[in-house]
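I set aside this page for what I looked up in one protein model, going from the whole chain to a pocket and then to a single residue.

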Amino acid sequence: MLWNLAFVAVAAAVLAASVGERPTVPLRVWIVGYVLQCLLHVLSVTVEYRRRRRNADQEGAGDEDLKLSIVKHLESANTMFSFIWWIVGFYWVSAGGKALSHDAPQLYWLSIVFLAFDVFFVVFCVALACVIGIAVCCCLPCIIAILYAVTDQQEGASEDDINNLSKFKFQTMSDADKLAAGIAAPVGGVMTECGTNPPVEHILSAEDAECCICLCPYEDGVELRELPCNHHFHCSCIDKWLHINATCPLCKFDIIKSNRDIEEV
């Protein structure tokens, strides 16, 4: 706000001091338009600032939302006008040539300053965005590694912890098997626990008959492993995962803590 008001004050002072200047292009019109867009920007910022500071009550919420919508539309229109107006000013200054520096030096140099400031501001914003983007791309892996080391001290599961988990063999069901079992809903197959007598079986729907780690559907005869949280995966997939992180990939259930609780009981 202060920066834009300073532009308005400087423009008013130069316009008052350059009454006798006669430029060949309408530089005064361009400067007045530039001042108006500065004032509109100050108005928009003021309204937004007051809205954030004010504790809006329920009764005035509708009016507040309407006012905010109008201000946002005005700010968007002002941004577009600023871009177009800069092109107009650049064209007029270029068309006037060196004659402007003799016929209307104060208006000419004020226009040059305003145009140059807008270019500097845009270049600065683009350069800052590029620097931030490069810094994030270069430093993000290091930041993630540091945060992981500081906040996530989860240990991997041992071979015994993994072997204590239930292992199943998956079998697809044919249409004849579904009719014999009296199943009408879409079924992906059945999980049969290994080493149990009588065998423990779980029927899986078509949606559940896939591994959430590799996103591949279960094939006939493949070995599965079920965690205490009842989530199941390919043995090869979940074993690799648990060696690194002893939690369920879906619900973050801690199998080490579960095994310790069982041993204590």
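I began with the order of the elements, and from the N terminus on I read α-α-α-α-α-α-β-α-β-β-β-β-α-α. My tally for the protein chain came to nine helices and five strands, and I noted beside it that the model is predicted.

Next I looked up how the chain is packed, and found that buried residues make up 29% of its 265 residues. Among contacts between residues at least 6 apart in sequence, I saw that 58% join residues at least 24 apart. The chain exposes about 17,200 Å², and I wrote down that carbon and sulfur atoms supply 65% of this area.

I then turned to the largest pocket, for which I noted a volume of about 560 Å³. Its lining has 18 residues, and those nearest its centre are Tyr34, Gln37, Ser82, Asp118 and Phe121. Which helix gives the most to this lining? I found that it is H3, with six residues, while helices H1, H2, H3 and H5 each supply at least two. Sorting the lining by class, I listed 10 nonpolar, six polar and two charged residues.

My last entry is on histidine 232, which lies in strand E5, residues 232–234. Is histidine 232 buried or exposed? I put it down as buried, because its relative accessible area is 13% and the cut-off for buried is under 20%. Its side chain makes a polar contact with the side chain of tyrosine 218, at 2.9 Å. Leaving aside neighbours within four places in sequence, I found histidine 232 in contact with Met191, Leu204, Asp208, Tyr218, Arg225 and Glu226.

Notes
Residues are numbered from 1 along each chain as its sequence is written. This is a predicted model: local features need pLDDT of at least 70, side-chain atom pairs count only at pLDDT 80 or more; totals for chains, interfaces and linings use all residues. Side-chain values use heavy atoms; hydrogens and water are left out. Helices (H or I, at least four residues) and strands (E, at least two) are DSSP runs, numbered from the N terminus. Buried means under 20% relative accessible area, exposed over 50%, partly exposed in between (1.4 Å probe, protein chains only). A polar contact is a pair of N or O atoms within 3.5 Å; within protein, one must be able to donate a hydrogen and the other to accept it, and residues adjacent in sequence count only if both atoms are side-chain atoms. Contact means heavy atoms within 4.5 Å. On a 1 Å grid over the protein atoms alone, a cavity is a set of points where a 1.4 Å probe fits but cannot get out, and a pocket is an open set with protein on both sides within 12 Å along at least five of seven lines; lining residues have an atom within 4 Å of a point. Grid points are joined across faces, edges and corners, and a volume is the space filled by probe spheres set on the points. Ala, Val, Leu, Ile, Met, Phe, Trp, Tyr, Cys and Pro count as nonpolar, Asp, Glu, Lys and Arg as charged, and the others, Gly among them, as polar. Accessible areas come from the Shrake-Rupley method with a 1.4 Å probe; for residues, only the protein chains shown count as cover.
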